Amino acid sequence: MSAIEGMEAAVHHEEHAHHHEAQSFWQKYVFSEDHKVIAKQYLITGILWAVIGISMSVIFRIQLGMPDSNLSWLRPLFGNWISETGKLDPNFYLALVTMHGTIMVFFVLTAGLSGTFSNFLIPLQIGARDMASGFMNMLSYWFFFLASVIMFASLFLQTGPAAGGWVIYPPLSALPQAHPGSGMGMTLWLVSMALFIVSQLLGGINYITTVINLRTRGMSFDRLPLTIWSFLITAILGLISFPVLFSSVLLLIFDRHFGTSFYLSEIYINGEALPNVGGSPILFQHLFWFLGHPEVYIVLLPGLGITSEVIATNSRKPIFGYRAMIASMLGIAFLAFIVWAHHMFVTGMNPFLGSVFMFLTLIIAVPSAVKGFNYITTLWKGNIVFTPGMLFAIGMVSLFVSGGLTGIILGNSALDIQLHDTYFVVAHFHLVMGAASAFGLFAGVYHWFPKMFGKMMNRTLGQIHFWFTFVGIYLIFIPMHYVGIAGFPRRYYQFTSYDFTHKFMDMNMFITVAAILSFLAQFIFLYNFFSSIFRGKTAPQNPWRSNTLEWTTPIVPGHGNWEGEIPAVYRWSYDYSKPGATEDFIPQNIPYSQTLESNFPHENELIATEKEIAAQNFNDQFNQAH
Amino acid sequence: MYFIIAIVALVFVVLTGVVISRLQGVLTSVKKPESADAVPEGNSWNGAMFIVILVAAVIGITWSYLHAREHFLPIASSVHGRRTDDLFWFSMGILTIPFAFVNFLIFFFAWKYQYKKGNKASFYPDNHKLELIWTIIPAIVMAMLVFTGWKAWSDITSDAPADAEVIEITGKQFNWIVRYGGVSDNKLGNYNYKLIDAQNEVGIDLSDENSFDDFLNPTEMHIPVNRPVLLKIRARDVLHSVFIPHMRVKMDAVPGMPTKFWFVPDKTTAQMRADLNDPNFKYEIACTEVCGQGHFSMKLNLVVEDEASYKKWCAEQTTFLQTYPEYLAKVPDNLKAKAMKGLPAETTTPADTAKTASVGGGMGTSAALR
């Protein structure tokens, strides 16, 4: 109880600061402590980053697929990075690849996805007035913003932004003389990431605390929507793994600026033998992937949680195997920490260690398979409504399964020898982590847009957007597997130097065309998103006829989310199409005593506990404050 | 090539057509007042799209696979390579089953169970038997794949046979340098990165007598066929990675941490030329760890030849000391006689000792054969 009381004291303080004074514009929309505003800030920032990140990929896809094309039209934007003859500079190519990876993984799919929906949905779905600490939450966004500004600034350096791949392996990233991008660009990358990690930790601590302490009356852990479970597990993963990235970044900063030798040993470069001995570049890789692998799940789990919720709602069916879904997420989260070295099979690491990591890696396929099958069984005998959110959720399952399966090949160390660092890997992780998570993001935006802005997005445009994106993603990444099987290495500026890459010119062009078309299709979304904020139809109270608590708030929830008391919760969030019920959904705040016609025997027993639940009120921050 | 572009374009045009025709239908229906249980907007065409895309995907994937197959890597030219290839296609075969099955179910169910007026979804929250089945079956399949993969992996990464031909390959920005143990002792001499200079590119330590007959080659690597070859892999500046696609060989080159990889090539370059009917075929070595601007062109040609031609080629190479006789100055006095064997008489006068004597003096060097 003491923890809860401590929290209440903090909240109490906050209430006094906010509840009684009218908020200025700055407090309300910029330095806001309201979780809904912060969520929107994360979302808009994430969308802007996504536009930048995906545009970069289009530019280097043009370089790979149409190497003869004249890029002079980009000179006004990129200046001398495009040569007089319209050719992309090879150093700039590497910078584009690096920044595309960094931006998409960290700024779009970590901050944009988890930051948006954890912030938006945790208080609304667990029945809380706001996050445990609104101030920390605000700090979290502004640290992210600062990180964004610094990373963005690095794009405009004369020597270019960081360019050693998004994994920034030293010594390349540690030695400015090895590559122009390893100078100021890398310094800014490291500073930006350090701030980003601070932001993630401030956010993550808040998410965990809020879910544990601020659930409303009756919202036991086994009644939490799967979205909240996924955000909780994601936050725990981030809390454990991001500090390790922080330490590896810090040691790299020491190596770069203070002459230490954590990652450097026996290097001769530019006619000079460096004094550093005794360090190990492999150490960095271990530290990096100790974050890097859980990061994959930090990106993916929120998408899986959103998908669970959207699929259940729009199939009008309870999610199949609720407990198995939680167990498999916990299993994936645990295993995520002990598989990192499968990224390092061919680094010269002890082969026995490779065997251990291969074994652990392939175990992850089991909980993932359970999730896949549970989604499919949820669709089975449903009554499916193809809202844009639902389409993206279905697409997400397909991409997750298709991309996940090739992971079984790559997790096999004997097969990884040939495929490591080829386009097979690129295709694999773009499907399972990039596209699948992005689809989770889209599903979430379409599904919760009415709650965020009180308006509806255009449904038909959303459906069109889905089909172009879904088909486009497969058209890009299935051929990319073929290119990978042929042994094409990734991060190559062009494929003209080798005989073994002197083929598949048409395939690479095909991929590029598909990528450009899929990119263009995203403007349908952008138009739909921004125009609907201002001109969309006003949303009804519960547009998807959903069970979760956020739909019991006013259409545009104000400060504190609910007017009057926070609703109590009496049932899980998946009572869709219950036999005997007149409607095909029963929201979580409806007590069993009002649904006698559809109760199961064990639920009738729970009626006795309802009075007790209704009487509790220790988590309402407003009640405490007054 | 344009044929394929045309097909993509066609797919998108058809999609656009479908979408626009639907859009018009939708726009006219928008004006009608919505009743509570009308079919949700756009539901039927989206349901139909799942079947359309499913059929298109089956055709597209099958056709593209058959089309692309000829460009996949040719049959491996090493013993372990054929084994991992078999394992790869076996695993891919197994995985195609769940890929097709699961995606079929997703698309089919989406279409089959789309909203129907008056229909009610079945309340089906769990079934322990089903969950158990799809936990155990993937677990068994995984166990099988792990076991076959693990056996292959431990054989490939086991210690090289004693008769292996040992060759050192060093990566630097942006080329590879190959060093051989030499014809008289066939042992690689020690090295030290502090001894590296413009000529001595891999830091050969000339105080080690094994290094006297070492020879370097920055443009070509020759290896004998049907004999284990052990690559000793080093990097001079940043990470590189030795990738020999046809041999199914890949291993990172790490500054400060020598790595190794051994394999048995069993097809000579000449045989491959005959097999592929391509007189210009060359084995190639590439870099697969990003190392800077020239990463994409860090090429070294590889020649696989029979034992006799290999021996002959080795004998024709000039040793490091023959190429740069001035390095004799770094050879300790008691070994000078041995080092001078094989050097032309006029070059054997020791070079200016004062110039080079101090470099690297007293420094420990790494044994190449550790």
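The following questions and answers concern a predicted model with chains A and B.

Visitor: How are residues and chains labelled, and which pLDDT do local features need?
Guide: Residues are numbered from 1 along each chain as its sequence is written, while chains are lettered from A and ligands numbered from 1 in the order in which they are written. In this predicted model totals for chains, interfaces and linings use all residues, side-chain atom pairs count only at pLDDT 80 or more, and local features need pLDDT of at least 70.

Visitor: How many helices and strands are there in chain B?
Guide: Both are DSSP runs numbered from the N terminus, helices being H or I of at least four residues and strands E of at least two. On that basis chain B has nine helices and ten strands.

Visitor: Which strands stand at the edges of the open sheet in chain B?
Guide: Strands pair if DSSP finds at least two bridges between them. The sheet has five strands, in the order β4-β10-β9-β6-β7 (chain B), with mixed pairing. Two of these have a single partner strand each, so one side of each is left without a neighbour in the sheet: β4 (220-224) and β7 (249-253) of chain B.

Visitor: What stands opposite Ile285(B)?
Guide: Strands β9 (residues 283-287) and β10 (residues 300-305) of chain B pair in the antiparallel sense over three bridges. The residue of β10(B) opposite Ile285(B) is Leu300(B).

Visitor: How far apart are the end C-alpha atoms of helix α2 of chain B?
Guide: The expected span of a helix is 1.5 Å times one less than its number of residues. For the 26 residues of α2 (residues 43-68) of chain B this gives 38 Å, which agrees with the end C-alpha distance of 36 Å.

Visitor: What covers the buried residues of α2(B)?
Guide: A residue is buried if 20 or more other C-beta atoms lie within 10 Å of its own, exposed if 12 or fewer, and partly exposed in between, with C-beta atoms placed from the backbone. In α2(B) the buried residues are Asn43(B), Asn46(B), Met49(B), Phe50(B), Ile53(B) and Ala68(B). Their cover includes α3 (79-112) of chain B, together with α13 (388-410), α16 and α17 (505-535) of chain A.

Visitor: Which helix gives the largest share of the side of chain A that touches chain B?
Guide: Contact is counted where C-beta atoms, placed from the backbone, lie within 7 Å. The contact takes 111 residues from chain A and 99 residues from chain B. The largest share on the chain A side, 13 residues, comes from helix α16 (residues 459-485) of chain A.

How values were computed: Two residues are in contact if their C-beta atoms, placed from the backbone, lie within 7 Å.
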